[in-house]
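Grab your viewer and work through these exercises at your own pace. Each one sets a task and then walks through a solution.

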Amino acid sequence: MKSRICTVLLACLLANAAVAQVSSTLSPYSQFGLGVLAEQSQGFNRGMGGVGMGLRGGQIVNAQNPASYSAVDSLTMIFDVGVRGQTTNFKEGDKSKNASNAAFDYATALFRVWPKVGVSVGIIPFSNIGYSYSNKSFVNGSSSNYATSTYSGSGGFSQAYLGVGWEAFKGFSVGANVSYFWGNYERKATVVNSDAYVNTETQTYSAKVSSYKLNFGVQYQKRLSHEQAVTVGATVGLGHNLGAQANFTRANSNTQTSVVTTTTDSVPDALSLPLTVGLGAVWQYKNKLTIGADYELQKWSSLDYPHVNAATSQYVSASGMLRDRHQLRLGADWLPNPQSRRIWGHIHCKAGVSYATPYYNIGSSKGPSELALTAGFGIPIVNTWNNRSLLNISAQWVRMSNSAFITENTFRINVGLTFNERWFAKWKVD
């Protein structure tokens, strides 16, 4: 028993390294804020558009609402891992470019420790940073002298959590996730002029975070009849300063004299997490049909963010660069025939949609909004010793757009494998 739990924890630590080393985005929008926010859903609900506030069950690890952990039974040990692969089309005006990548997504585990108490551990990315692009522009109206600007960045932030869910009384559960929140980023902007007598300038922005993150959740499940049940869920994520110092370096080099002039500046306590609140509900019918909806608000507008003041050229923390993020999610899961002896009757069919507003401004304009459509399947893995594990596969189309900027269309394949085993059952010998 102890060795199996240690194996799960070791797997989570290995997944930790994967999260830290690989960015799952190539978006130029990841140069703003803390990067492109990662989805917090797992394989079982990714195909449902990420609905999760009201989802609970003994065969899933729903880290979006820690109150759901209390649904796990005394014989179950669940380990869930996910990966993704994607192709993105970037379009601006009449120019278009495609790029592809793949990355580790998440790793979670869930087991019961006391009656009505479930414990979960896992690693889930929070945001991703990864981009590289350049452009040319003529200088001072010249038709021959131009400047080449190159922008690149890498990094991201992750959360390793320990969560507990407790059914305080029949139908009502509470829970909490305590996370170690860490990560870093480095962003560079280099301007090279075609005139050899003009300096080359490189601006570097960097920060490193090592902090915590707290999330709380509640769920109430009410059975309307023998065939129907409704679950309502709510979550709160406490916002706080991450205690990170943001650094800025400007290096100017003269190509004729080979003299490099470097200036540095920093902003203490520059990065913060926002207050996050969510509310959702799920309706279930005969254990065959599940329909859910979520709303989530992230209060980014109340946070300052470091930037270079155009008037003073100083690196300072300023308000008005971030904005509140609103997200709506709708999804459904249909199980054709749970009583069938054929495998087709036990394949979960999923579909969902989500829409999110941006959490940052680009200059005086808001960033791109995000629309996602998903569909997928949950395929049972049946063999002589296990019939409760699932292979979750979903396809996802995500569009990030603002008429003034680049439009991104991403086609993504998500694969999640849920190992659900009866580790705590006692063998009987006749």
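Buried, as used here, means under 20% relative accessible area; exposed means over 50%, and partly exposed is what falls in between. Keep in mind that the model is predicted.

**Exercise 1. Work out whether glycine 47 is buried or exposed, then find what surrounds it.**

Solution.
- Step 1: locate the residue. Glycine 47 sits in the loop between helix H2 (43-46) and S2.
- Step 2: apply the cut-off. Its relative accessibility is 0%, so glycine 47 counts as buried.
- Step 3: list the contacts. Leaving out residues up to four places away in sequence, glycine 47 touches Lys350, Ala351, Gly352, Thr374, Ala375 and Ser394.
- Step 4: check one of those pairs. Glycine 47 and serine 394 are 347 residues apart in sequence, yet their C-alpha atoms are 5.2 Å apart in space.

**Exercise 2. Trace the salt-bridge network that contains Glu39, Arg46, Arg84, Asp105 and Arg412.**

Solution.
- Step 1: begin with glutamate 39. It forms a salt bridge with arginine 46, with 3.7 Å between the closest N and O atoms. Glutamate 39 is partly exposed, at a relative accessible area of 21%, whereas arginine 46 counts as buried at 2% relative accessibility.
- Step 2: follow glutamate 39 to another partner. Arginine 412 forms a salt bridge with glutamate 39, and here the closest N and O atoms are 3.1 Å apart. Arginine 412 lies in strand S23 and glutamate 39 in the loop between strand S1 (36-37) and H2, so this pair ties together parts 373 residues apart in sequence. At 9% relative accessibility, arginine 412 counts as buried.
- Step 3: go back to arginine 46. Its side chain meets that of aspartate 105 in a salt bridge (2.9 Å, N to O). This pair links distant parts of the chain, with aspartate 105 in strand S3 (residues 95-114) and arginine 46 in helix H2, 59 residues apart. Aspartate 105 counts as buried, at 5% relative accessibility.
- Step 4: put it together. Shared partners join Glu39, Arg46, Arg84, Asp105 and Arg412 into one network. For context, the structure holds 11 salt bridges.

**Exercise 3. Find how strand S6 pairs with S5 and with S7.**

Solution.
- Step 1: take S5 (residues 146-169) and S6 (residues 172-193). They pair in the antiparallel sense over 22 bridges. One residue to click on is tyrosine 151, whose bridge partner in S6 is alanine 189.
- Step 2: look at the turn. The hairpin of S5 and S6 has two residues between the strands, and glycine 171 takes a positive phi near 90° there.
- Step 3: move on to S7 (residues 200-223). It runs antiparallel to S6, joined by 20 bridges. Tryptophan 182 has serine 210 as its bridge partner in S7.

**Exercise 4. Which residues make the nonpolar surface patch of about 380 Å²?**

Solution.
- Step 1: name the members. They are Val83, Ile393, Phe411, Ile413 and Val415.
- Step 2: ask which strand gives the most. That's S23 (residues 407-421), with three residues.
- Step 3: recall how strands are built. In a regular strand, side chains alternate between the two faces of the sheet.
- Step 4: check valine 83. It's placed in strand S2 (residues 77-92), and it counts as partly exposed because its relative accessibility is 42%.

Definitions and conventions: Residues numbered from 1 in each chain as written. Predicted model: local features only at pLDDT ≥ 70, side-chain atom pairs only at ≥ 80, totals over all residues. Heavy atoms only, no water. Patch = residues over 30% accessible without salt bridge, like charges linked within 9 Å, V, L, I, M, F, W, Y side chains within 5 Å. Areas by Shrake-Rupley, 256 points an atom, 1.4 Å probe, with all protein chains shown as cover. Salt bridge = Lys/Arg side-chain N within 4 Å of Asp/Glu carboxyl O. Helix = DSSP H or I, 4+ residues; strand = E, 2+ residues; numbered from the N terminus. Buried < 20%, exposed > 50% of the residue type's maximum accessible area, 1.4 Å probe, protein only. Pairing = 2+ DSSP bridges. Contact = heavy atoms within 4.5 Å.
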